[in-house]
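Colleague: I would like to learn how to read a structure, feature by feature. Please take me through this one.

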Amino acid sequence: MASNTLNLIASLSLTISILLSLYPQPAFSFQMEDFDGEEEYVLDHPVIIPNLRSRSRFLKTSPTKDKIRKGADCDPHPSLNICKGISANNGTSLLYCCKTHCRNVLSDWNNCGKCGNRCKFGQRCCSGVCTNVANNVNHCGKCGNRCSSGVQCDYGFCGYA
């Protein structure tokens with residue numbers, strides 16, 4: 001009896017593994033997308049960076065920066081900080097120095113709206129507000145995905161039910 005059960009389990013697992021190998025794509029795929037989709041932030045207004053290495057006031061120049069790479073190191077000290085409320089990407093990003101890295105507080109799940117404000121499970125950071133995207137008709141499944149008029153958002157899909 002036990003031998004028949006083991007043979008049945010072995011043949012079922014072999015059949016399932018063969019079927020899964022024929023169809024490698026999952027039925028439901030959830031793709032984690034990058035916060036902003038870009039590798040760097042294009043600043044709306046160039047930032048003047050203090051040159052701290054120069055010892056002469058005549059040699060001190062303040063170079064400007066018009067791009068900051070995503071996750072760039074920053075100094076939390078206000079006068080040395082390159083991302084202190086800087087607007088980027090035509091106003092769609094707002095950069096702050098959270099701990100020691102530049103973060104976009106309008107879309108970063110760990111720093112939503114302000115440094116250290118972490119969104120809960122199932123939420124996304126949409127325009128600086130933690131939003132439940134499973135049933136929000138204005139942010140259905142992801143930020144900015146608006147369902148048509150009269151269509152509900154269920155489980156992150158418009159008109160699922």
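Modeller: Start with one pair of residues: Cys125 stands opposite Cys130 in strand 7. Strands here, like helices, are DSSP runs numbered from the N terminus (helices are H or I with at least four residues, strands E with at least two). Before going on, note that this is a predicted model, where local features need pLDDT of at least 70, side-chain atom pairs count only at pLDDT 80 or more, and totals for chains, interfaces and linings use all residues. Residues are numbered from 1 along each chain as its sequence is written, and side-chain values use heavy atoms, with hydrogens and water left out.

Colleague: In which sense do strand 6 and strand 7 pair, and over how many bridges?

Modeller: Two strands pair if DSSP finds at least two bridges between them. Strand 6 (residues 123-126) and strand 7 (residues 129-132) are antiparallel, with four bridges. They make a hairpin that has two residues between the strands, and Ser127 in the turn has a positive phi of about 55°.

Colleague: Why is a positive phi worth a remark?

Modeller: Because most residues other than glycine have a negative phi. Asn90 is not a glycine, yet its phi is positive, about 55°. Asn90 sits in the loop between strand 3 (84-88) and strand 4 (93-98). Lys99, also a residue other than glycine, has a positive phi near 60°; its place is the loop between strand 4 and strand 5 (101-104).

Colleague: Are Asn90 and Lys99 buried or exposed?

Modeller: Buried means under 20% relative accessible area, exposed means over 50%, and partly exposed lies in between (1.4 Å probe, protein chains only). Asn90 is exposed at 75% relative accessibility, and Lys99 is exposed with a relative accessible area of 75%. Of the 161 residues in the protein, 24% are buried.

Colleague: How many disulfides does the structure hold?

Modeller: A disulfide is a pair of cysteine sulfur atoms within 2.5 Å. The structure has seven of them. One of the pairs is Cys112 and Cys125, with sulfur atoms 2.2 Å apart. It links Cys112, in the loop between strand 5 and strand 6, to Cys125 in strand 6, 13 residues apart. The torsion about the S-S bond of Cys112 and Cys125 is about 90°, so this disulfide is right-handed. Cys112 is buried at 1% relative accessible area, and Cys125 is buried at 3%.

Colleague: Which way does the disulfide of Cys126 and Cys143 turn, left-handed or right-handed?

Modeller: The sulfur atoms of Cys126 and Cys143 are 2.1 Å apart. The torsion about their S-S bond is about -85°, so the link is left-handed. Cys126 belongs to strand 6, while Cys143 lies in the loop between strand 7 and strand 8 (153-154), 17 residues apart. Cys126 is buried, with a relative accessible area of 4%, but Cys143 is partly exposed at 30%.

Colleague: And where do Cys140 and Cys153 lie?

Modeller: A disulfide joins Cys140 to Cys153, at 2.2 Å from S to S. Cys140 is in the loop between strand 7 and strand 8 and Cys153 is in strand 8, so the pair ties together parts that are 13 residues apart in sequence. With 90° about the S-S bond, this link is right-handed. Cys140 and Cys153 are both buried.

Colleague: How many salt bridges are there?

Modeller: A salt bridge is a side-chain nitrogen of Lys or Arg within 4 Å of a carboxyl oxygen of Asp or Glu. The count by this rule is one salt bridge. Glu40 and Lys67 form it through their side chains, at 3.4 Å from N to O. Glu40 is in strand 1 (residues 40-48) and Lys67 in strand 2 (residues 64-69), so the pair ties together parts 27 residues apart in sequence. Glu40 is partly exposed at 32% relative accessibility, as is Lys67 at 39%.

Colleague: Which elements give two or more residues to the largest nonpolar core?

Modeller: A nonpolar core is a set of buried Ala, Val, Leu, Ile, Met, Phe, Trp, Tyr and Cys residues joined through side-chain atoms within 4.5 Å. The largest has twelve residues, among them Tyr41, Leu43, Ile86 and Leu95. Strand 1, strand 3 and strand 4 each give two or more residues to this core. A contact means heavy atoms within 4.5 Å; not counting residues up to four places away in sequence, Leu95 touches residues including Tyr41, Leu43, Ile68 and Arg103.
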